[in-house]
Amino acid sequence: MRELFWQIEEMNQREEMTWNVIGYVDLEPRIEDGTSDIFVGNAVCPYLGDDSYLLAMQQEMNVAVCVGEPGLRRKIAEKLMGNSKLRFPNLILGDTRICADVKMGQGCILSMDCRISTNVILGNFVFLNMGSLVCHDGIIGDFTTLSPDVKLAGHVAIGSQCDIGLGTRVIQGITIGDAVTAGAGSVIVKNMESGCKVAGVPAKPM
């Protein structure tokens, strides 16, 4: 959350105000130095309350579900979608570059310095961390997370609710099932079945 807030503030400083962050919602406030406010640089993000704050909202509001863990992100998003007043825009941050033909669902967060090539499809609530690369004809399913510096070659298909660790590489044409976790630094050179945990160079199921 703190990192996303910083990236939004960076974008707002370089461009005309894009997103006005009014605060954060969590089950409990994050108390640091005796306050529930979050400080990033010179900006302040106040605590607004728990999920009930958003569930009770009677006016349209944009919400970013900035939880890295895919299963928890899905649980939160599905709960909040019970309020029809809430909107889940796609956040495209920093120096990210995206081909015009990329298709995205709702609620995606594309962090600084991501690159997404032609004919790529992203599902709902996909989270691409800083420096991630998705080459041509890729598919990423709902609620999947790419950690910083993940690189996907062309024609890679990743299922829903996957968690792809820091610096992972996936070679051309690989298919990864649903709910797959890849350890940091993995190099995936063969298809992976749903529900497995993989690690290593080359990556193997654990």
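This section describes two sheets, a group of aromatic rings and the surroundings of two residues in a predicted model.

Eight strands form an open sheet of mixed pairing, in the order S7-S10-S13-S16-S19-S22-S24-S25. The edges of this sheet are occupied by S7 and by strand S25 (204-205), each of which pairs on one side only. At the S25 edge, the neighbouring strand S24, which covers residues 197-199, pairs with S25 in the antiparallel sense over 2 bridges. Within this pairing, Ala 199 has Lys 204 of S25 as its bridge partner.

A further open sheet consists of 6 strands in the order S8-S11-S14-S17-S20-S23, and its pairing is parallel. S8 and strand S23 (187-188) each have a single partner strand, so one side of each is left without a neighbour in the sheet. Inside the strand order, strand S11 (residues 115-116) and strand S14 (residues 133-134) run parallel and are joined by 2 bridges. Ile 116 is bridged there to Val 134 of S14.

The loop between strand S7 (91-92) and strand S8 (97-98) contains Thr 96; S7 is an edge strand of the mixed sheet, and S8 stands at an edge of the parallel one. The relative accessible area of Thr 96 is 13%, and the residue is therefore classed as buried, the limit being under 20%. Two polar contacts of its side chain with the backbone were identified. A polar side-chain atom of Thr 96 lies 3.0 Å from the backbone oxygen of Leu 93, and the side chain also reaches the backbone nitrogen of Cys 114 at 3.3 Å. When neighbours within four places in sequence are left aside, the contacts of Thr 96 are Leu 110, Ser 111, Met 112, Asp 113, Cys 114 and Arg 115. Cys 114 thus appears both in this contact list and as a polar partner through its backbone nitrogen.

Aromatic pairing was examined next, and the count comes to 3 aromatic pairs. Phe 88 and Phe 125 form an edge-to-face pair, with 5.4 Å from centre to centre and 65° between the planes. Phe 88 is located in the loop between strand S6 (86-87) and S7, and Phe 125 in the loop between strand S12 (121-122) and strand S13 (127-128), so the pair ties together parts that are 37 residues apart in sequence. Both members are buried, Phe 88 at 7% relative accessibility and Phe 125 at 1%. The ring of Phe 125 also pairs with that of Phe 143: the centres are 5.3 Å apart and the planes lie at 0°, so this pair is stacked. Because Phe 143 belongs to the loop between strand S15 (139-140) and strand S16 (145-146), whereas Phe 125 lies between S12 and S13, the stacked pair ties together parts that are 18 residues apart in sequence. Phe 143, like Phe 125, is buried. Phe 88, Phe 125 and Phe 143 form one aromatic cluster.

Tyr 24 is placed in strand S1 (residues 24-25) and counts as buried at 3% relative accessibility. Its side chain reaches the backbone oxygen of Ser 36 at 2.6 Å. Beyond its neighbours within four places in sequence, Tyr 24 is in contact with Met 1, Pro 29, Arg 30, Ser 36, Ile 38, Cys 45, Pro 46, Tyr 47, Leu 48 and Gly 49. The C-alpha atoms of Tyr 24 and Met 57, which are 33 residues apart along the chain, are separated by 14 Å.

Conventions. Residues are numbered from 1 along each chain as its sequence is written. This is a predicted model: local features need pLDDT of at least 70, side-chain atom pairs count only at pLDDT 80 or more; totals for chains, interfaces and linings use all residues. Side-chain values use heavy atoms; hydrogens and water are left out. Helices (H or I, at least four residues) and strands (E, at least two) are DSSP runs, numbered from the N terminus. Buried means under 20% relative accessible area, exposed over 50%, partly exposed in between (1.4 Å probe, protein chains only). A polar contact is a pair of N or O atoms within 3.5 Å; within protein, one must be able to donate a hydrogen and the other to accept it, and residues adjacent in sequence count only if both atoms are side-chain atoms. Contact means heavy atoms within 4.5 Å. Two strands pair if DSSP finds at least two bridges between them. Rings of Phe, Tyr and Trp (its six-membered ring) pair if their centres lie within 6.5 Å; planes under 30 degrees apart count as stacked, over 60 as edge-to-face and the rest as tilted.
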